[in-house]
Structures are given as structure tokens and as C-alpha cells.
Amino acid sequence: ALPMDTRSWGFLVGMGLIHTCVMYILLYSAIQSLPTAMVAVLSFVYPAVAILVDHVFYGQHLGPLQWLGIVLILASSASINRTGTKPQPLPARVVAHELEG
């Protein structure tokens with residue numbers, strides 16, 4: 001149900017604007033210091049963790065495909081972090097071609 005009084009709306013707006021803005025400012029300022037490969041891994045882990053938190057704390061039921069997706073995301077992220085796999089840069093001729101076109 002939606003809040004009925006202005007005080008509750010104030011808390012809702014404050015939580016949405018202030019807390020969300022502060023979180024995104026901290027998140028994006030921290031991301032600037034991470035390598036690109038780590039940012040890519042985190043961009044996949046973030047939604048998986050959000051779904052797990054929703055399941056654990058709010059009792060949201062997850063289907064078998066959702067569990068499989070979470071496991072695959074976490075396993076691939078762990079694999080990349082463990083092996084230290086780094087993306088290979090594009091050859092200079094490919095980059096030059098892209099810049100021309």
C-alpha cells in the first residue's frame with residue numbers, strides 16, 4: 001500500500017533520492033579505480049547478489065533456471081578471478097578501421 005501521510009512520503013523520497021544518490025556516487029567513484037575486466041565481472045555479479053538477497057531476506061521463490069543462472073554467473077566470475085584471465089586487446093588495424101568508419 002502507498003503511504004497515506006506526508007511524513008511517510010518524505011521518508012520514501014529521502015530514501016530513494018538521498019540513499020540511492022549516495023550509493024551511486026560511491027559506486028561509480030570506486031569503479032574508476034578498478035580494471036575494466038573487474039568491472040565487467042561485477043556488472044554480472046551485482047544482479048545475482050540482488051536476487052539472492054531478495055530470496056534470503058524477503059522469501060522470493062526462485063525457479064530452477066534462476067538458480068542455474070546464479071550458479072553460472074558466480075562460477076564464471078570466480079573462474080575469471082582465479083585464472084586472472086584478461087581480455088585481449090584488438091589488433092591496431094581493427095581499431096584503426098573502426099575509427100575510420
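The questions and answers below concern a predicted model of a protein chain.

Student: Which pattern does the protein chain follow when read along the sequence?
Tutor: The protein chain holds four helices and zero strands. Read along the sequence, these elements give the pattern α-α-α-α.

Student: What percentage of the residues of the protein chain count as buried?
Tutor: A residue counts as buried when its relative accessible area is under 20%. The accessible surface of the protein chain comes to about 8600 Å², and 71% of that surface belongs to carbon and sulfur atoms. Of the 101 residues of the protein chain, the buried share is 8%.

Student: Which helix gives the most to the lining of the largest pocket?
Tutor: The largest pocket holds about 210 Å³ of space, and its lining includes Tyr 24, Tyr 28, Val 39 and Tyr 46. Helix H1 (6-31) and helix H2 (36-58) each supply at least two residues of that lining. With five residues, the helix that gives the most is H2.

Student: How many charged residues does the lining of the largest pocket have?
Tutor: Leu 27, Ile 31, Leu 42, Ser 43 and Val 45 are among the residues that line the largest pocket. By class, the lining has eight nonpolar residues and one polar residue, while the number of charged residues is zero.

Student: Why can Val 22 belong to the nonpolar surface patch of about 890 Å²?
Tutor: Val 22 lies in helix H1, and the patch also includes Leu 2, Trp 9, Met 15 and Leu 26. Patches are made of residues with over 30% relative accessible area. Val 22 passes that cut-off because it is partly exposed, with a relative accessible area of 44%.

Technical notes:
Residues are numbered from 1 along each chain as its sequence is written. This is a predicted model: local features need pLDDT of at least 70, side-chain atom pairs count only at pLDDT 80 or more; totals for chains, interfaces and linings use all residues. Side-chain values use heavy atoms; hydrogens and water are left out. On a 1 Å grid over the protein atoms alone, a cavity is a set of points where a 1.4 Å probe fits but cannot get out, and a pocket is an open set with protein on both sides within 12 Å along at least five of seven lines; lining residues have an atom within 4 Å of a point. Grid points are joined across faces, edges and corners, and a volume is the space filled by probe spheres set on the points. Ala, Val, Leu, Ile, Met, Phe, Trp, Tyr, Cys and Pro count as nonpolar, Asp, Glu, Lys and Arg as charged, and the others, Gly among them, as polar. Patches are made of residues with over 30% relative accessible area and no salt bridge: like charges are joined within 9 Å, nonpolar side chains (Val, Leu, Ile, Met, Phe, Trp, Tyr) within 5 Å. Accessible areas come from the Shrake-Rupley method with a 1.4 Å probe; for residues, only the protein chains shown count as cover. A salt bridge is a side-chain nitrogen of Lys or Arg within 4 Å of a carboxyl oxygen of Asp or Glu. Buried means under 20% relative accessible area, exposed over 50%, partly exposed in between (1.4 Å probe, protein chains only).
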